[in-house]
Amino acid sequence: MKGFGINLWRYLKLYGLLLGAQLRSQMSYRSSFFLDLLSTAFITLIEFGTLAVVFERFNNIKGWTLGEVAFLYGLVEISFSLMDMVFSGFDPPFFGQGIRKGSFDLLRLRPLPLILQIFASDFPLRRLGRLALGIGIFALALNLNPIEWTLAKILYLPWVILGMVCFFGGLFIIGAAFTFWTVEGLEALNIFTYGGSFLISYPMHIYPDWLRFSFSYIVPAIFLNYYPALYFLNKEDPFNLPAFAPFLAPWVGLGVLVVALKIWAWGLRHYHSTGS
Amino acid sequence: MRLFFEIARRSFQRALTYRAATLAGMVTNLFFGVIRASVLIALYGEADSVNGLSLQGAVTYAALSQAIIAYLNIFGWFGLMMNVHSGDVAQDLLKPMSFYRFWLAQDFGRAWANLLLRSLSIMLIYSLFWSLAYPQSLEQWFYMLISLLLSWWLNFSWQFLVNLTAFWVPNARGIGRFAFFLSMALSGLYMPIRLFPEWLQKICYFSPFPHILNSPLEIYLGVVQGQESLVLIAMQAIWIVLLIILIHVILRLGLRRLVILGG
């Protein structure tokens, strides 16, 4: 057990070192970096902005106000941009490139844990722009509809974010594992990552039943954001699920991540290099 | 003109070869269309019509805008930029054809392949699940087709113009992403322009971007009719001419700076 602790510490330090090199290389093109930073923030701003301005005509979306939608939207933006920085090495198009070029095989030769090296292989700092905007949208939400904060709510909030980070990170890992077989990334998986994050940015009761069912019981994304939001905003559950439903978020996220790591390990056992 | 269509024919065939990618892209378009339509339906609530756009019209708008994403290539195009970086642009310049027309011909083929294959399939699938709106007269169909053709031309010219920055800036991809995102948002891809507040609609119409997507869709839906359709089509044409003039001026300046390294 003691040995494990020392190893973990060593690995964290190594991760820090590798990451530092990553970040220094990104900062070497300073103006290009800041432009990227601005444009990622701008993209989020416009996307949310177009929704916000049409609220002038409609006032609510099936009973939810702009502030309440902003709560959902902000949380997803915060979580997804955090995930996108940490798990970027597994982003299937990026990871698949390593498989095609054979640089993945290089990583396997090094005397370091493979997963650690992939985590350290990419960390796009420009996503900070999107994170900042996500925080801004979340702040707007709190401003428009003040939440009755309790200790439980304050303690639970980070776990909701963690749940989403693990969930989407897990999807990235599954997508990366698929490239062991397909070499090219599986584009259809975008529906769950980019499509899924877009889907849960709106209240789930606006969708047709088949869509909501699929994202409740096949891919349980409804518990990541919508149910926690019902709890934070003291809203009634239109689907009458058990009272613990809002608290499933971290479990769903961790569950998906564990399954993803299993698929990853399985894929790795079956992996043959592309030989380039 | 024969050369133009010959190039277009080849790029048409090339676009038809990537079947798996086409299918995956179609599924994505269908999925996002369902979400956008759901959002619009939920926003409408009890209302039948908002600022001249009916609920059925809004749903059709969501479907159509997703269907023509691939036709327009509205998310962005970096082909010319990449060729400037790699130096391949030297070969493009040697072609016995104007630089702009050469790329235009290629994109023409790509666009039609996507329109016939992807856009039509997407609309067919949507029409199985939703009751969509259709143009009510032959005249409306005709105006819509003209407008759709011009919207491709307008969008391509805008993207070509953005690509020209590569002659000045070594890594122009960030600028490109930024510019394409702006045009996408103001084109009405996220929300029908008509649902924006008046002040924002005015700002949008100071730019050419609503004419990339919103205009052909409004003609299709019959939100604008007859004379008004012609005005929109004329606006599209004027913007295309302006952009082409701008392209040629900037291209001339850019080519003067261009140094190709042998190798």
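## Terms and basis of the model

Two residues are taken to be in contact if their C-beta atoms, placed from the backbone, lie within 7 Å. Helices (H or I, at least four residues) and strands (E, at least two) are DSSP runs, numbered from the N terminus.

This is a predicted model, in which local features need pLDDT of at least 70 and side-chain atom pairs count only at pLDDT 80 or more, while totals for chains, interfaces and linings use all residues. Residues are numbered from 1 along each chain as its sequence is written, and chains are lettered from A and ligands numbered from 1 in the order in which they are written. The predictor gives the complex an ipTM of 0.90 together with a pTM of 0.91. For chain B the mean pLDDT (the predictor's confidence in each residue, from 0 to 100) is 92, and 98% of the residues of chain B reach 70 or more.

## Chain A as a whole

Chain A contains twelve helices and zero strands, so that its pattern, read along the sequence, is α-α-α-α-α-α-α-α-α-α-α-α. Its radius of gyration, taken over C-alpha atoms, is 20 Å, close to the 19 Å that the globule rule gives for 276 residues, so chain A is as compact as a globular protein of that length; the rule itself is 2.2 Å times the number of residues to the power 0.38. The C-alpha atoms of chain A fill a box of roughly 55 × 45 × 40 Å along the principal axes.

A residue is called buried if 20 or more other C-beta atoms lie within 10 Å of its own, exposed if 12 or fewer, and partly exposed in between, with C-beta atoms placed from the backbone. By this count 37% of the 276 residues of chain A are buried. Among the contacts of chain A between residues at least 6 apart in sequence, 83% join residues at least 24 apart.

## Helix 2 of chain A and the interface

Helix 2 of chain A covers residues 30-58, and its 29 residues reach 43 Å from the first C-alpha to the last, close to the 42 Å expected at 1.5 Å a residue, where the expected span is 1.5 Å times one less than the number of residues. The helix bends by about 25° at A:Gly49, the bend being the angle between axes fitted to the seven residues ending there and the seven starting there. After helix 2 comes A:Asn59, which has a positive phi near 70°. Buried residues of helix 2 include A:Leu35, A:Asp36, A:Thr44, A:Phe48 and A:Val54, and their cover includes helix 3 (66-86) and helix 7 (128-144) of chain A as well as helix 2 (19-44) and helix 9 (173-187) of chain B.

Between the chains, 28 residues of chain A are in contact with 28 residues of chain B. On the chain A side, the elements that give two or more residues are helix 2 and helix 9 (190-199) of chain A, and helix 2 gives the most, with 14 residues. By class, this side has 17 nonpolar, five polar and six charged residues, where Ala, Val, Leu, Ile, Met, Phe, Trp, Tyr, Cys and Pro count as nonpolar, Asp, Glu, Lys and Arg as charged, and the others, Gly among them, as polar.

## Two aromatic residues of chain A

A:Phe123 lies in the loop between helix 6 (114-121) and helix 7 of chain A, and A:Phe123 is buried because 20 other C-beta atoms lie within 10 Å. Leaving aside residues up to four places away in sequence, A:Phe123 touches A:Leu19, A:Gln22, A:Leu23, A:Met85 and A:Ser88.

A:Trp181, by contrast, is found in helix 8 (residues 151-182) of chain A and is exposed, with 12 other C-beta atoms within 10 Å.

## Chain B and its helix 3

Chain B has twelve helices and two strands, arranged from the N terminus as α-α-β-β-α-α-α-α-α-α-α-α-α-α. Its radius of gyration is 19 Å, which agrees with the value near 18 Å for a compact globule of 263 residues, and buried residues make up 44% of chain B.

Helix 3 of chain B (residues 55-67) has 13 residues, and its end C-alpha atoms are 18 Å apart, in agreement with the 18 Å expected at 1.5 Å a residue. Eleven of these 13 residues are buried, so helix 3 is largely enclosed by the rest of the structure; among them are B:Gly57, B:Val59, B:Tyr61 and B:Leu64. The cover of the buried residues includes helix 2, strand 2 (53-54), helix 4 (69-72), helix 7 (99-129) and helix 11 (210-221) of chain B.
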